[in-house]
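Subject: Structure for you to look through

Dear colleague,

I am passing on the structure we spoke about, together with some notes that you may like to read with the viewer open. Please take your time with it before the bench work begins.

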Amino acid sequence: MRRIATALACALALTLAGCATGSSSATRDPELKNTSVILDWTPNTNHTGIYVAQEKGFYREAGLNVKVMGFSKSGVESVMTAKGADFGFSGTDSIASAKASNLGIKMVF
């Protein structure tokens with residue numbers, strides 16, 4: 001299970017590195033495109049890929065300014081539906097419910 005979670009974190013990091021949309025981060029650079037990601041819980045090993053990519057400057061090299069947002073009690077899907085985040089960590093069951101409710105959220109493995 002941890003391998004899958006780590007793989008998902010790395011996939012998200014790579015996906016973010018290839019995208020260009022969204023919110024802000026600590027240091028703003030007008031040349032960078034802003035995007036945001038919301039965590040499904042407090043920062044942990046599932047999110048390692050995001051923090052490693054941020055620390056090593058991979059996002060900046062890809063032209064991105066990534067804001068990592070902490071857990072929200074309202075839920076990842078609610079925040080994303082309200083356009084409060086561009087990407088998010090969530091579970092399959094929550095995504096299935098969001099899909100059934102036509103919230104317009106897509107799951108990436």
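Below I go through the overall build and then a few individual residues.

Please keep in mind throughout that this is a predicted model.

Overall build

The protein contains five helices and three strands, and along the sequence these follow the pattern α-β-α-α-β-α-β-α. Of its 109 residues, 31% count as buried, while the surface that the protein exposes comes to about 6800 Å², with carbon and sulfur atoms supplying 57% of that area. If one takes the contacts between residues at least 6 apart in sequence, 67% of them join residues that are at least 24 apart.

The sheet

The three strands make up an open sheet in which the order is S2-S1-S3 and the pairing is parallel. Strand S2, residues 64-69, and strand S3, residues 87-88, are the edge strands, each of them pairing on one side only. As general background, the strands of a sheet pair through backbone hydrogen bonds, and they may do so in either a parallel or an antiparallel way. Here strand S1, which covers residues 33-38, pairs with S3 in the parallel sense over two bridges, and in one place the bridge partner of Ile-38 is Gly-88 in S3.

Strand S1 also holds Thr-35, and since the relative accessible area of Thr-35 is 2%, against a cut-off of 20%, this residue is buried. The side chain of Thr-35 makes a polar contact, at 3.1 Å, with the side chain of Asp-86.

The aromatic pair

The structure holds one aromatic pair. Its members are Trp-41 and Phe-71, arranged edge-to-face, with 4.9 Å from centre to centre and 65° between the planes. Trp-41 lies in the loop between S1 and helix H2 (48-55), whereas Phe-71 lies in the loop between S2 and helix H4 (76-81), so the pair ties together parts that are 30 residues apart in sequence. Phe-71 counts as partly exposed, its relative accessibility being 39%.

Helix H2

Which residues of H2 are buried? They are Gly-49, Ile-50 and Ala-53, and because they cover an arc of only 100° around the axis, they are on the same side of H2. This can be read against the general rule that an α-helix has 3.6 residues a turn, so that residues three or four places apart point the same way. After H2 comes Gly-57, which has a positive phi, near 80°.

Helix H4

Two residues of helix H4 deserve a look, namely Val-76 and Glu-77. Val-76 is buried, with a relative accessible area of 8%. If residues up to four places away in sequence are not counted, Val-76 touches Ile-38, Leu-39, Asp-40, Gly-88, Phe-89 and Ser-90, and this list includes both Ile-38 and Gly-88, the bridge partners mentioned above. As for Asp-40, it is 36 residues from Val-76 in sequence, yet the two are 6.3 Å apart in space, C-alpha to C-alpha.

Glu-77 also counts as buried, at 13% relative accessibility. Leaving aside neighbours within four places in sequence, Glu-77 is in contact with Ser-90, Ser-94, Ile-95, Ala-98 and Ile-105. Ser-90 therefore appears in the contact lists of both Val-76 and Glu-77.

Positive phi outside glycine

Finally, there are two residues other than glycine whose backbone you may want to inspect. Lys-83 has a positive phi, near 65°; Lys-83 is placed in the loop between H4 and S3, where it counts as exposed at 71% relative accessibility. Asn-102 likewise has a positive phi, near 55°, and is found in the segment after helix H5 (92-100). Asn-102 is exposed, with a relative accessible area of 70%.

With best wishes

Technical notes
Residues numbered from 1 in each chain as written. Heavy atoms only, no water. Pairing = 2+ DSSP bridges. Helix = DSSP H or I, 4+ residues; strand = E, 2+ residues; numbered from the N terminus. Buried < 20%, exposed > 50% of the residue type's maximum accessible area, 1.4 Å probe, protein only. Contact = heavy atoms within 4.5 Å. Areas by Shrake-Rupley, 256 points an atom, 1.4 Å probe, with all protein chains shown as cover. Phe/Tyr/Trp six-rings, centres within 6.5 Å; stacked < 30°, edge-to-face > 60°. Arc of directions from axis to C-beta. Polar contact = N/O pair within 3.5 Å; in protein donor to acceptor, adjacent residues only side chain to side chain.
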